[in-house]
Amino acid sequence: MRVVSGIQPTGGLHLGNLLGAILRWVRMQDDGECLFFLADLHALTVEVDPEQLRANVREMAAALIASGVDPARAILFRQSAVREHAELAWVLQGTARMGWLERMTQFKEKSGKNKERSSVGLFTYPVLQAADVLLYHATHVPVGEDQKQHLELARDIALKFNNDFDTELFTLPEPFVGGGTAARVMSLRDGSAKMSKSDPSEMSRIQLTDSDETIAQKIRKARTDPAPLPADPSELAGRAEARNLVGIMAAIQDRPVEAVLAEFAGQGFGAFKPALADALIALIAPLRARLEQLRSDPAEIDRILEVGAERARALAAPTLDSAYRAVGLR
Ligand code: TRP
């Protein structure tokens with residue numbers, strides 16, 4: 001099993017990243033060879049603030065390590081430090097079809113009404129993502145629900161390339177959405193919106209850097225409804241905020257929603273919220289402490305990322321070479 005996944009360096013981590021992706025990465029480190037990277041080339045597809053990007057890469061790397069990504073076991077690096085990503089992406093732009101990319105829902109969402117003014121990179125974003133995983137012959141790619149379509153595209157690209165050039169170079173990657181924790185953590189203010197860095201309300205998300213008091217306060221003020229919790233998960237239908245909070249608890253405790261409900265059925269949020277706040281604080285406080293320590297030594301973060309890049313390059317270079325040969329560039 002070869003696991004590859006990336007995350008955009010948006011700065012710090014929030015609970016959505018942590019439960020939806022990072023804690024799954026951490027668990028997978030025991031199951032296979034893992035490569036995790038900061039997708040800083042992908043960050044160029046929207047407006048760029050160079051100083052901010054530089055800072056965000058370090059901050060995100062520190063947050064990943066603090067959360068349990070272990071650079072001694074997993075290969076942790078920044079995408080732009082391994083130039084094979086960009087080079088293979090260019091080769092694969094000859095394989096990917098316009099029609100395939102035009103179906104990508106993330107592009108439609110991100111470009112919105114302003115498609116004509118979007119960067120070309122935003123359109124070809126999924127081709128770079130395909131290169132990210134195909135370079136390393138990834139077998140499993142842990143991603144959130146919203147990235148499944150991009151992974152299916154990577155499979156289509158791999159298949160067409162292998163066919164067109166009569167080779168077996170690329171492994172077809174499996175999107176891996178399961179893995180225990182909640183696939184999707186929603187905003188604490190609106191159960192129908194994903195928890196997101198771009199939500200203007202700080203109260204909508206919990207950050208790795210939040211103090212215990214802030215965490216408790218955000219949970220106290222989280223939107224809910226007046227009904228008690230049911231025993232059966234199907235009765236959470238139509239109660240998006242309730243379902244979200246129960247889902248967060250289940251993910252933290254790594255047990256099914258049924259088990260959480262069995263404990264709290266018949267009780268209201270007056271009982272559930274303090275228990276949830278305690279569980280969150282127990283999860284985040286040690287990560288926050290480690291993050292503060294890591295932040296005090298940025299040179300060490302840079303060194304860790306450079307060691308990771310070195311290891312990644314050793315795996316990526318032969319694949320790019322084979323791809324160049326297959327298309328007649330060598
Ligand atoms: N597009 C992914 C996201 O926004 C990040 C990403 C880039 C990624 N390259 C990847 C994820 C390769 C998995 C594999 O979440």
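1. Let's start with Q129 and the ligand. In this predicted model, an N or O atom in the Q129 side chain is 3.1 Å from a nitrogen atom of the ligand. Once the protein is in place, 88% of the 370 Å² that the ligand exposes when taken alone is buried.

2. Two other side chains are worth viewing alongside Q129. Y125 places a polar side-chain atom 2.7 Å from a nitrogen atom of the ligand. D132 likewise has a polar side-chain atom 2.7 Å from a ligand nitrogen atom.

3. Which residues surround the ligand? Going along the sequence, they are S5, G6, F37, A39, H42, Y125, Q129, D132, V133, V141, V143 and Q147. You may like to select this group on your screen before reading on.

4. Now for the elements behind that shell. The helix α6 (120-134) and the strand β1 (2-7) each give at least two residues to the shell around the ligand. Which element has the largest share? That is α6, with four residues. As for the space that the ligand takes up, it is the largest pocket.

5. Just past α6 in the sequence there is a backbone detail to look at. H137 sits in the loop between α6 and β4 (140-142). Its phi is near 50°, which is a positive value in a residue other than glycine. H137 counts as partly exposed because its relative accessibility is 28%, and that class lies between the cut-offs of 20% and 50%.

6. D254 makes a good companion to H137 when you check the backbone. For D254, too, phi is near 50°, a positive value in a residue that is not glycine. Its place is the loop between α9 (240-253) and α10 (257-264). Is D254 buried, partly exposed or exposed? With a relative accessibility of 42%, D254 counts as partly exposed.

7. Finally, take a look at T95, a loop residue between α3 (84-93) and α4 (98-102). Why does T95 count as buried? Its relative accessibility is 2%, and buried means under 20%. Leaving aside residues up to four places away in sequence, T95 touches W100, I157, K160 and F161.

8. If you have time for a second pass, return to the ligand and view Y125, Q129 and D132 together, as each has a polar side-chain atom paired with a nitrogen atom of the ligand. Then compare the two loop residues with positive phi, H137 and D254.

Notes:
Residues are numbered from 1 along each chain as its sequence is written. This is a predicted model: local features need pLDDT of at least 70, side-chain atom pairs count only at pLDDT 80 or more; totals for chains, interfaces and linings use all residues. Side-chain values use heavy atoms; hydrogens and water are left out. Buried means under 20% relative accessible area, exposed over 50%, partly exposed in between (1.4 Å probe, protein chains only). Contact means heavy atoms within 4.5 Å. A residue is near a molecule or strand if one of its heavy atoms lies within 4 Å of it. A polar contact is a pair of N or O atoms within 3.5 Å; within protein, one must be able to donate a hydrogen and the other to accept it, and residues adjacent in sequence count only if both atoms are side-chain atoms. Accessible areas come from the Shrake-Rupley method with a 1.4 Å probe; for residues, only the protein chains shown count as cover. On a 1 Å grid over the protein atoms alone, a cavity is a set of points where a 1.4 Å probe fits but cannot get out, and a pocket is an open set with protein on both sides within 12 Å along at least five of seven lines; lining residues have an atom within 4 Å of a point. A molecule sits in a cavity or pocket if more than half of its atoms lie within 2 Å of its grid points.
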